[in-house]
Amino acid sequence: MSLRVGRSDGRVTLSMPKTMPLAEARAFIDAQADWIARNVAAAPPPRHVLVGSALPLFGREVPVVKGPGRSARFTGDVIAVPEDGRAGPRVKALMQTLARTHLASSVDRYADALGRAPTKLTFRDTRSRWGSCSSRGELMFSWRLIMAPTDVQDYVVAHEVAHLAHMDHSARFWRQVEELMPDYGPRRAWLKREGAALHAVDFGGT
């Protein structure tokens with residue numbers, strides 16, 4: 001059996017063999033009650049996106065305000081969105097567009113510095129990782145990175161681009177990351193410290 005508490009929503013998940021008696025599973029949960037309570041309490045509260053709220057974008061809090069048209073727009077100071085009950089999904093679409101634009105530009109910059117180009121670039125809403133690089137040279141990033149400071153975004157890109165040269169986390173790999181971004185340490189630490197809060201932003205039907 002294994003227990004997992006979601007870092008972004010505090011959801012508790014128990015994995016167990018199909019043949020295990022439920023009584024044994026309940027006993028296991030009861031024995032881990034203190035651990036569960038600590039980890040649930042540590043999860044950041046959800047932040048619902050709607051007109052009148054704010055959300056992180058490029059590392060700073062940006063207000064969500066009522067605006068004209070049918071889609072969300074980032075003016076540089078605010079996110080303007082129609083107040084029609086679908087602010088969350090509309091803002092989510094905007095964030096995905098911004099992520100594709102800005103992260104793709106960062107990928108081009110670091111890939112040029114490395115001298116290797118990815119074969120494919122995709123964006124998803126992943127919970128367990130901020131980015132990945134396949135053995136085929138395909139890069140994937142979480143579009144939620146657009147909410148992080150730009151230097152943190154650049155760290156994740158530099159990290160995954162470095163995997164185009166070294167498909168491991170060896171000393172050679174980390175030297176490559178350092179060549180691409182000499183001061184990557186604080187950016188990596190920020191993501192470990194603040195990343196769960198980015199996952200807590202809820203773009204659901206609000």
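Is Asp 183 buried, partly exposed or exposed? At 43% relative accessibility, Asp 183 counts as partly exposed; buried means under 20% relative accessible area, exposed over 50%, and partly exposed in between, with a 1.4 Å probe and protein chains only. The model under view is predicted, so local features need pLDDT of at least 70 and side-chain atom pairs count only at pLDDT 80 or more, while totals for chains, interfaces and linings use all residues. Residues are numbered from 1 along each chain as its sequence is written, and side-chain values use heavy atoms, with hydrogens and water left out.

**Stop 1: the network around Arg 187**

Keep Asp 183 selected and add Arg 187: their side chains meet in a salt bridge at 2.9 Å, N to O. A salt bridge is here a side-chain nitrogen of Lys or Arg within 4 Å of a carboxyl oxygen of Asp or Glu. Next, select Asp 151, whose side chain forms a salt bridge with Arg 187 at 3.2 Å, N to O. This pair links distant parts of the chain, with Arg 187 in helix 6 (residues 185–199) and Asp 151 in helix 4, 36 residues apart. Helices (H or I, at least four residues) and strands (E, at least two) are DSSP runs, numbered from the N terminus. Asp 151 is partly exposed, with a relative accessible area of 30%. Asp 151, Asp 183 and Arg 187 are thus shown as a network of salt bridges.

**Stop 2: Arg 109 and Asp 154**

A search of the whole structure finds eight salt bridges. One of them joins Arg 109 to Asp 154, with the closest N and O atoms 3.0 Å apart. Arg 109 lies in helix 3 (residues 87–114) and Asp 154 in helix 4 (residues 150–162), so the pair ties together parts that are 45 residues apart in sequence. Arg 109 is partly exposed, at a relative accessible area of 42%, whereas Asp 154 counts as buried at 17%.

**Stop 3: the sheet 8-10-9**

Now select strands 8, 10 and 9, which form an open sheet in that order with mixed pairing; two strands pair if DSSP finds at least two bridges between them. Strand 8 (120–124) and strand 9 (131–133) stand at the edges with a single partner strand each, so one side of each is left without a neighbour in the sheet. On average, neighbouring strands of this sheet are turned by 15° against each other, direction ignored. Axes are lines fitted to C-alpha atoms, for helices over the stretch in contact, and angles run from 0 to 180 degrees between N-to-C directions.

Strand 9 and strand 10 (residues 138–142) run antiparallel and are joined by three bridges. Select Gly 131 to find its bridge partner in strand 10, Phe 141. Helix 3 packs on the sheet, touching strand 8 and strand 10, and its direction makes about 140° with that of strand 8. Helix 4 also packs on the sheet, touching strand 9 and strand 10, at about 155° to the direction of strand 10. Contact means heavy atoms within 4.5 Å.

**Stop 4: Arg 11**

Select Arg 11, in the loop between strand 1 (2–5) and strand 2. Arg 11 counts as exposed at 58% relative accessibility. Leaving aside neighbours within four places in sequence, Arg 11 is in contact with Arg 4, Val 5 and Gly 6. The C-alpha atoms of Arg 11 and Trp 130 are separated by 20 Å, and these residues are 119 apart along the chain.

**Stop 5: Met 16**

Finally, select Met 16, in the loop between strand 2 (12–15) and helix 1 (22–31). Met 16 is partly exposed, with a relative accessible area of 30%.
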